[in-house]
Amino acid sequence: MSGINLEHISQHFGEQIALDDVSLTVKEGEFFSLLGPSGCGKSTLLNIIGGFLEPTKGVVYIGDQDVTTLPPYQRKTGMVFQSYALFPHLTVFDNVAYGLKVQKKKKAEIKQKVMESLSLVQLESFAKRMPHQLSGGQQQRVAIARALAIQPAVLLLDEPLSNLDAKLRKNMQTELRNIQRNVGITTILVTHDQEEALSLSDRIGILGEGKIQQIGTPLEVYRQPNNRFVAEFIGQVNLFEAEYDEVTSTYTVPHFIQSNGKQVQLKVAAFKEKSEKHLLMLRPERIKLSSVGEEVQPNHVTGVLADVSYIGHSLRLVVGLNQGEIIVHASDAAFPELPQVGETVHIHWQPEDIVFLDSKVHA
Amino acid sequence: MRKKSISDRLLSVLIWTAGSLVYLFLTVPVLVIVLSAFSPNAFPEFPPTSFSVRWFHEVVSNPEWMESLRISVILLLIVTPLTVLLGTMASYALARLSFKGKEAVQAFILSPLMIPQVVLGIAMLYLFTAMGFTGSLWALVIGHVIIGFPYVVRTVGVSVSNLDPRLELASMNLGAGPIRTFFRVTLPLIKPGIIAGGVFSAVTSFGEISISLFVSSPQTITIPVRTFNYIEQTFDPSVNAISVIFIIISIIALLIIEKTIGLSKVM
Amino acid sequence: MRIKKKNQRFHWFMLLPACLFLVVFLLAPLVMMFVLSFRDVDSMMNTLQSYSLSQYLHVFTTDAYVKAIGSTVWVALQTTVICLLMAYPAAYVLVKAPHPRLRAFFYILLVSPLLTSVVIRTFAWIVLLSQNGLINGMLIDLHLIEKPLSMLWNMNAVIIAYVQVMLPFAVLPIATSLTDMDRHLRPASMSLGAGRIRTFFHVTLPLTIPGMITGAIIVFSLAAGSYITPLLVGGRMQPLLPLSIYQQVMQVYNLPLAAAMSFTLLICVLAVVSLLSYLLKRWEARMHA
């Protein structure tokens, strides 16, 4: 089992630049997700790692080995496709055994390894079935077993759960994580589902427009996004274009005017250069409702409730201002009675909750 | 898939060479004919030394060829509407009905394509002799319709399967009966399949020989039959000119079919 | 409910004309011919009133005819196999062509011969292969041979002409099979360690079996039933059943014998086609629900 090192990978398709100088390292045994919107290049990157595409520029290392020019069948990667890609003319057993037969293993050894793989995904009794007799979830598990059977150095998954319905997806996500922990194999998952990436990964690499936008743990990526792209892609976010006010040592947001006529003011916990315009973000769940109208102060806002969405475990409140709106997520437990649209609302948050988006700020 | 090692590249070259050679093999006869048709001599030469349309003049000025052309065209004009009518109706009905034995009926409708044409030919001959009109134009019409209309059934079938049946339901919901629905809604939407089928059928009729040879008479010699006689009996290079005309017709027909419903779906 | 009934009647009404037409002009004559095949003929080739198996006996006890049956099937088989072998690279190239224009070009090359009369296609081979034809002409000009080769009037010429005429019918179903294949199956195989050749034999080839069988069915039926091509390119003397049928009808006027031969031919073709269809059904059952 090995780690993966990508150095300055670029991929051009004619005039189109799919990947622009992408470098990243995946540690041994790590569960790493490549996250991004459709067309961002994440599948392209996975194909490059798997050997199905030769990058226009850059080097791919699996472990210490430079595999950039090696074809897929000479790399120690196992791949699971979105469409499962089970061989329809072979039984489940023969599908899983396929890679082992290529390695010319002995019959007894093949049988043992196949049953081991199938037991990892709890499908031992399905060995004699044909793929078309299996449900989507079962087919996906066989695809995973097949990739693991050859004991690759790295496991690559290309949106493997996209074709499953929501409930099945959740179950499979848990199973996937368990299998990965069990086997301990270096895993790279490509997905556009940020919840999936956040819940499964040790680290996430966010791709946008062919470039790496941020690499970090789920916590880092959610709480300290590098830029607007990441902040908006993961979770919901309130964005403020703010200017620094030397007099009050706060940041004012000219485009947001509260219902009492004042601009929104933000006091932050960490500083950046003082007189530039900055992009600041605030996560909706960090905002708390105040009980009474408090004095005008930074990190407090008065507005009118414009919309309430009840999701069961939480509420999504849209606080409308004279100009602008702020989104708040509050837990259901905080509201014995649901708030009404049109009510005046007072909200506040802590200085630490404000994050600078245009650069990494060291406090 | 862009991985290419040396052996992979070699494999690619091998496959593409083999494939191209096969296409060359398919095309060489056509090229030969074109060459001969424009060669001034009775025999083709390679490389060609000069260009002449002499044989085309011969064809046009030969009353026998012109008579055959007349017969072939009349046949085509009668056969095509008939095949389109029968084929479209049958194809639509098969798509909308479901009953036990439907597969068998479908096979029956398409069977003329599968029965050896020599058997079809002699069966027709026997039937027409018994009915008394062998050698007449109608014998040829019937023969051509039999082998032509399965093509229409196939192409219209493709169009019908692309048609959302809910459109017809919507029409009937709004009060139109099945007949009106068919003419107002279905027909316009399956036009591509009908056109493609009509073209297929027309070209097939124009080039039909296997059955025609059995049931034609000296008064009803179509172009392919006359071509056959010429080849068997004489060596008349004007056959080359006829062939080129055929080839051009087939390419035009092909382009029409491709434009209407796309070739890949028909075959 | 009433709408459904009205529809059903309309649809049945649409189906009737074609069925009626076929019953009268296809089924009836075939049945009549079947009956005819059991009639006797006298020495003047007049059909007698009696029924017997004499025609069939004649077919199966005459050496020439038995040989014709065997060689018809054999030639059709050879044609089918050669077509399948040649169709594969052609289908591959058609499907993998990088530009849609190139693919359209290949399609035209493939399908336009089909719309040309079989007389024309066969005639081309005469022009190519005859003693004063193109190939001989070129070989003599290049001083590779002194006297022209005799390439026509034998069974090989027939097979070559057959292959050229029927190849498109083999290429298209195989191409369809190739495009129907899940496009991730080849990468999946390669990710499991199989190279391109192994992937072809273990994944691609098995999955194109339906296409190959379909192509084989079409080519075999066509080859077994052709008479125009062998007439023009092989000469009347070739031992082929369709040729014998043609001769019996057009020259000897022995219709009952021709009928018996026709049904013998039909049965042979049906037998092979049924076998192939059965194999196809078994394969499809294994692969799909």
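**Close-up views of chains A, B and C**

**Figure 1. Overall organisation of chain A in the predicted model.** Among the contacts in chain A with a separation of 6 or more, 66% are made by residues 24 or more positions apart. The chain contains eight helices and 20 strands. Its C-alpha trace extends over about 80 × 45 × 35 Å along the principal axes. Of the 363 residues of chain A, 40% count as buried.

**Figure 2. Strand 8 of chain A and its surroundings.** Strand 8 comprises residues 186-191 of chain A, and six of its six residues are buried, so the strand is largely enclosed by the rest of the structure. Burial extends to both faces: A:T186, A:I188 and A:V190 lie on one side, and A:T187, A:L189 and A:T191 on the other. Strand 3 of chain A (residues 31-35) runs parallel to strand 8 of chain A and is joined to it by five bridges. Within this pairing, A:V190 in strand 8 has A:L34 opposite it. Strand 7 of chain A (residues 154-158) is likewise parallel to strand 8 of chain A, again through five bridges. Here A:T187 in strand 8 stands opposite A:L155.

**Figure 3. An open five-stranded sheet in chain A.** The strands of this sheet follow the order 15-19-16-17-18, with antiparallel pairing. Strand 15 (288-289) and strand 18 (325-331) of chain A form the edges, each pairing on one side only. Two bridges connect strand 15 of chain A with strand 19 of chain A (residues 344-348) in the antiparallel sense. At this edge, A:L289 has A:I347 of strand 19 as its bridge partner.

**Figure 4. The two domains of chain B.** Chain B is built from 13 helices and zero strands. Its C-alpha trace spans about 70 × 70 × 30 Å along the principal axes, and 46% of its 267 residues count as buried. Residues 24 or more positions apart supply 77% of the contacts in chain B with a separation of 6 or more. The chain is divided into domain 1 (1-52) and domain 2 (54-266), whose C-alpha centres lie 31 Å apart. Eight residues of domain 1 of chain B are in contact with eight residues of domain 2 of chain B. On the domain 1 side of this contact, six residues are nonpolar, two are polar and none is charged.

**Figure 5. The contact between chain C and chain B.** In this view, 70 residues of chain C are in contact with 69 residues of chain B. Helix 1 of chain C (residues 2-36) contributes 20 residues, the largest share of the chain C side. By residue class, the chain C side divides into 56 nonpolar, eleven polar and three charged residues.

**Figure 6. Annotated segments of chain C.** An unreviewed UniProt entry assigns "domain: ABC transmembrane type-1" to residues 69-276 of chain C. In the model this span is 80% helix and 0% strand, with its end C-alpha atoms 19 Å apart. UniProt (unreviewed entry) also places the feature "transmembrane region" at residues 12-36, 73-95, 104-128, 157-179, 200-233 and 253-280 of chain C. Residues 12-36 of chain C are 100% helix and 0% strand, and their end C-alpha atoms lie 33 Å apart. Residues 157-179 of chain C are also 100% helix and 0% strand, with the end C-alpha atoms 33 Å apart.

**Figure 7. The largest nonpolar core and another core apart from it.** The largest nonpolar core contains 157 residues. The residues with the most contacts inside this core are B:I122, B:M124, C:A87, C:M166, C:A170, C:V171 and C:V219. Helix 7 of chain C (residues 155-180) gives the most to the core, with 15 residues. From chain B, domain 1 (1-52) and domain 2 (54-266) each provide at least three residues. When neighbours within four places in sequence are left aside, C:A87 is in contact with C:L167, C:A170, C:V171, C:I174 and C:G215. Another core, of 99 residues, lies apart from the largest one and includes A:V92, A:V142, A:L317 and A:I326.

Notes:
Residues are numbered from 1 along each chain as its sequence is written. Chains are lettered from A and ligands numbered from 1 in the order in which they are written. This is a predicted model: local features need pLDDT of at least 70, side-chain atom pairs count only at pLDDT 80 or more; totals for chains, interfaces and linings use all residues. UniProt positions are given in the numbering used here, feature names are shortened, and annotations may be inferred rather than shown by experiment. Helices (H or I, at least four residues) and strands (E, at least two) are DSSP runs, numbered from the N terminus. Two strands pair if DSSP finds at least two bridges between them. Two residues are in contact if their C-beta atoms, placed from the backbone, lie within 7 Å. Ala, Val, Leu, Ile, Met, Phe, Trp, Tyr, Cys and Pro count as nonpolar, Asp, Glu, Lys and Arg as charged, and the others, Gly among them, as polar. Domain bounds come from an automatic or database domain assignment. A nonpolar core is a set of buried Ala, Val, Leu, Ile, Met, Phe, Trp, Tyr and Cys residues joined through C-beta atoms within 7 Å. A residue is buried if 20 or more other C-beta atoms lie within 10 Å of its own, exposed if 12 or fewer, and partly exposed in between; C-beta atoms are placed from the backbone.
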